[in-house]
Amino acid sequence: MVYIPRIMAGEPVNVNEFRELARQALPKMYYDFFTGGAEDEYTLKENEEAFQRIICSIHFQERLPQPEQHLHVYKRRDISAKLVQRAENNGYKAIVLTGDAPRHGRREANIKNKIIVPELKNLEGLLSTSNVVTDGGSNLDSLANSTRDQSLCWKDIGWLKSITKLPILIKGVLTREDAIKALEVGVDGIIVSNHGGRQLDYCPPTISVLEEVVQAVDGKVPVFLDGGVRRGTDVFKAMALGAQAVLVGRPIMYGLAAKGEYGVRRVLEMLKDELELTMALSGCSSLKEITRSHVRTKHDHQLLSLL
């Protein structure tokens, strides 16, 4: 028997359509917070558009397919340590250290909307937003810049390793050099990410540098991709370029805002279904069969034109 999920009348048929429902459901201030990026939002747009410049290759298959806590380091290290301990106590399997946000990116929509961060339940008793001083505008920049440890550097991975036995992944790697350094300090995994285009504008889209990082790591630790994933074909392309898995951020928020838990579940189901279809049409009966030969990038086209 083939299971066909029951689709509610008038509901989205792809992840992107959840964005419009989220826009209708959320106050403008918060919709802009989730969808916006830094400055001109070049990197934000490129994260998605770069996937469209990679094409998939069709191979013949031999059988039918049978597919198989983020941490900011605060100036008060005791807060970070307590969050790590809380993660361990609640059964989390790894710690993801955000390495690309020593300061807050310039998010102009938040400035215009004068967004005010409410008291954060997960930081209750540890950090309050009520005493953040602002000039009458958004308190987001002031909160981030007054609480995060801007001196965070590679040696602090050692401090984090000293307070937890959980694997540590670093998020925000975009270059070969940083990938090698991450290996040297002993991380357990690398997430290729530009913070969803919310930090430094005009840095490269993540899919365009994924292969560089994968080649530098050379299989020593798993590499994941974050940023711009909106289709199952995007997941397929990332895995073909060496990612072990992808992270999905905004689509989850869109699904949650539009339809609650059901919306989140549908977003994940859509991505999974699209990935399985892409695999079938590309001749892959398992995730392990997705290889570099299944995609062609802009760089590949340039090499072919030189031959």
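1. Start with Phe33 and its cation. Arg198 lies over the face of Phe33, at 4.8 Å from the ring centre. Keep in mind that this is a predicted model.

2. A second charge sits over a ring elsewhere. Here the charged end of Arg77 is placed over Trp159, 4.6 Å from the ring's centre.

3. Now the ring–ring contacts. The count is two aromatic pairs. One joins Phe33 to Phe34 in an edge-to-face arrangement, with 5.3 Å centre to centre and 70 degrees between the planes. The label follows because planes over 60 degrees apart count as edge-to-face. Phe33 thus has Phe34 as an aromatic partner and Arg198 over its face. Phe34 is partly exposed, at a relative accessible area of 25%.

4. Tyr42 and Tyr202 make a stacked pair. Their centres are 4.6 Å apart, and the angle between the planes is 10 degrees. That angle falls under 30 degrees, so the pair counts as stacked. Both partners are partly exposed: Tyr42 has 34% relative accessibility, and Tyr202 has 49%. For Tyr202, the class holds because exposed means over 50%.

5. On to the sheet. It is open and built from six strands, with parallel pairing and the order 2-3-4-5-6-7. Which strands lie at the edges? They are strand 2 (70-71) and strand 7 (245-247), and each pairs on one side only.

6. Inside that order, strand 4 (residues 168-173) runs parallel to strand 5 (residues 189-192). Four bridges join these two strands. In one bridge, Lys171 is partnered by Ile191 of strand 5.

Methods: Residues are numbered from 1 along each chain as its sequence is written. This is a predicted model: local features need pLDDT of at least 70, side-chain atom pairs count only at pLDDT 80 or more; totals for chains, interfaces and linings use all residues. Side-chain values use heavy atoms; hydrogens and water are left out. Rings of Phe, Tyr and Trp (its six-membered ring) pair if their centres lie within 6.5 Å; planes under 30 degrees apart count as stacked, over 60 as edge-to-face and the rest as tilted. Buried means under 20% relative accessible area, exposed over 50%, partly exposed in between (1.4 Å probe, protein chains only). A charge sits over a ring if NZ of Lys or CZ of Arg is within 6 Å of the ring centre and within 35 degrees of the ring normal. Two strands pair if DSSP finds at least two bridges between them.
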